[in-house]
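Here is a short report on aromatic contacts and internal cavities. Keep the sequence and the 3D view open while reading.

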Amino acid sequence: MRPFSYLSGSVPTSAEARAKRRIAALEDELETMRQERGTKQRKTTYYVAQGRAVRRTVVLYTSLEDLITENDRRYEESVNDSGEDATLEQNRLQRGYLALAQSLPWLHSKLAELDIDDCEDMLKKLKRGADAARGNDTSTLKDLIATWINQDFRPSPLLRSDDKQLRGFVHDICGKLLCPAEWDWNNDCVKAGIRERTADYIVSENSWPLFVYENYEMDSDNMEQGLFMSKILVQAYKAIFTSPSSAREADGDGDGADILENNRRARRSLNGQVKVKTCVASIINMRKVTPRSIAYVVCQVRFALSSVSSWRTVDGDFDYEGFWNHIVDFFEDSPGPVAQRRVAKLLEWWTRKIFGKNHIKERMVP
């Protein structure tokens, strides 16, 4: 037998050896595929988890693509020295991008590194996490709002946690809290007009509902007095960002307890013996209450009080996206230094209520 074939130039090998090498090559290829799939799955898990902060602290309805586009537009204008006065909407978008970059510090550089397909895939996963978190919060508040209303108002019949059909304006207490603060819900004409949606009593996003006011009362001589200081808003904020159990402490004025440090100590002291759930504020590294997180909670409470069963942008004549915008603009686009100081004081009040007095120094850090 010749040592090699004159036709192919190959050296003879056994069928068994060739089969072993093919199997080894296939196993290597399979392992590579497994590693790539594992890496892809880890990226998906990471992006989805990171996205859970987006609706809560950045934007409730606006797409991330719109925020990125506005930031790109502003940068190009600054480079070309062709900047024009921005609109209210453009300013809101840009502040949203800055909030996004603060919430996800790694995102800005990642947007520059990835190609367009990978970038779109990343944003899609972030949105998935964002919408999932919003849905979880909606479900949580559906139950809790019923409990809080029943405890504080003792309505008859009591609200059911598993049914929203009897909420909204058909329910006397929910209707009162949802009623625009400038109207008197106890007036039968007002109540009937709202329920029948007559032209004189259209409930839209352009009025502050009574539930956002401290003690659920509005001072007609000063409509900002007690605005966004209601007990139910503090309860809902705590339920979402610290823990549902912490919502029981809504009446205090910041008792000095550091909710974030207490959460860390509880996890350390148990030493892994019992799983302690990390609160949302710790996960997203939140140290102070922000305007957009307040707007998110207000919209969630409004939805929980309503009779609508599934999340939507428009409820009858009420536009949630416009409502969210109004709240954000109230805080972020205050007209003049006096209004800005009032807003800053209100945000300090919120941080004290949620995180305790120990955060007085931290909340001053931008």
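The report covers ring pairs, charges over rings, and cavities in a predicted model.

## Aromatic pairs

The model holds 20 aromatic pairs. One of them joins Tyr-46 and Trp-106. Their ring centres are 5.5 Å apart and their planes meet at 50 degrees. That angle falls between the limits of 30 and 60 degrees, so the pair counts as tilted.

The two partners come from distant parts of the chain, 60 residues apart. Tyr-46 belongs to helix H1 (residues 15–51). Trp-106 sits in the loop between helix H4 (88–103) and helix H5 (107–113). Tyr-46 is partly exposed, at 39% relative accessible area. Trp-106 is buried, at 18%.

## A pair between two loops

Phe-169 and Trp-185 also form a tilted pair. The centres lie 6.1 Å apart, with 35 degrees between the planes. Phe-169 is in the loop between helix H6 (116–153) and helix H7 (172–178). Trp-185 is in the loop between H7 and helix H8 (188–196). The pair therefore ties together parts that are 16 residues apart in sequence. Trp-185 has a relative accessibility of 4%, under the 20% limit, so Trp-185 counts as buried.

## A ring cluster and two charges

Ring pairs also build a cluster. Its members are Tyr-61, Trp-208, Phe-228, Phe-303, Trp-311, Phe-318, Tyr-320, Phe-323, Phe-330 and Phe-331.

Two rings of this cluster, Phe-303 and Phe-318, carry a charge over them. The charged end of Lys-164 sits over the ring of Phe-303, 3.7 Å from the ring centre. Over the ring of Phe-318 sits the charged end of Arg-302, 3.8 Å from the centre.

## Cavities

Two cavities reach 30 Å³ or more. The largest holds about 40 Å³ of space. Arg-302 and Phe-318 appear again here, in the lining of the largest cavity. Trp-208, a member of the ring cluster, lines this cavity too. The rest of the lining is Leu-178, Pro-180, Val-203, Ser-204, Ser-207 and Pro-209. By class, the lining has six nonpolar residues, two polar and one charged.

The second largest cavity holds about 30 Å³. Trp-148, Ile-149, Asp-152, Phe-153, Tyr-216, Ile-232 and Gln-235 form its lining. H6 gives the largest share, four residues. Helix H9 (231–241) supplies at least two. Five of the lining residues are nonpolar, one is polar and one is charged.

Note on methods:
Residues numbered from 1 in each chain as written. Predicted model: local features only at pLDDT ≥ 70, side-chain atom pairs only at ≥ 80, totals over all residues. Heavy atoms only, no water. Phe/Tyr/Trp six-rings, centres within 6.5 Å; stacked < 30°, edge-to-face > 60°. Buried < 20%, exposed > 50% of the residue type's maximum accessible area, 1.4 Å probe, protein only. Lys NZ or Arg CZ within 6 Å of the ring centre and 35° of its normal. 1 Å grid on protein atoms, 1.4 Å probe; cavity = no way out; pocket = protein on both sides within 12 Å on 5 of 7 lines; lining within 4 Å. Points joined across faces, edges and corners; volume = space filled by probe spheres on them. Nonpolar A, V, L, I, M, F, W, Y, C, P; charged D, E, K, R; others polar.
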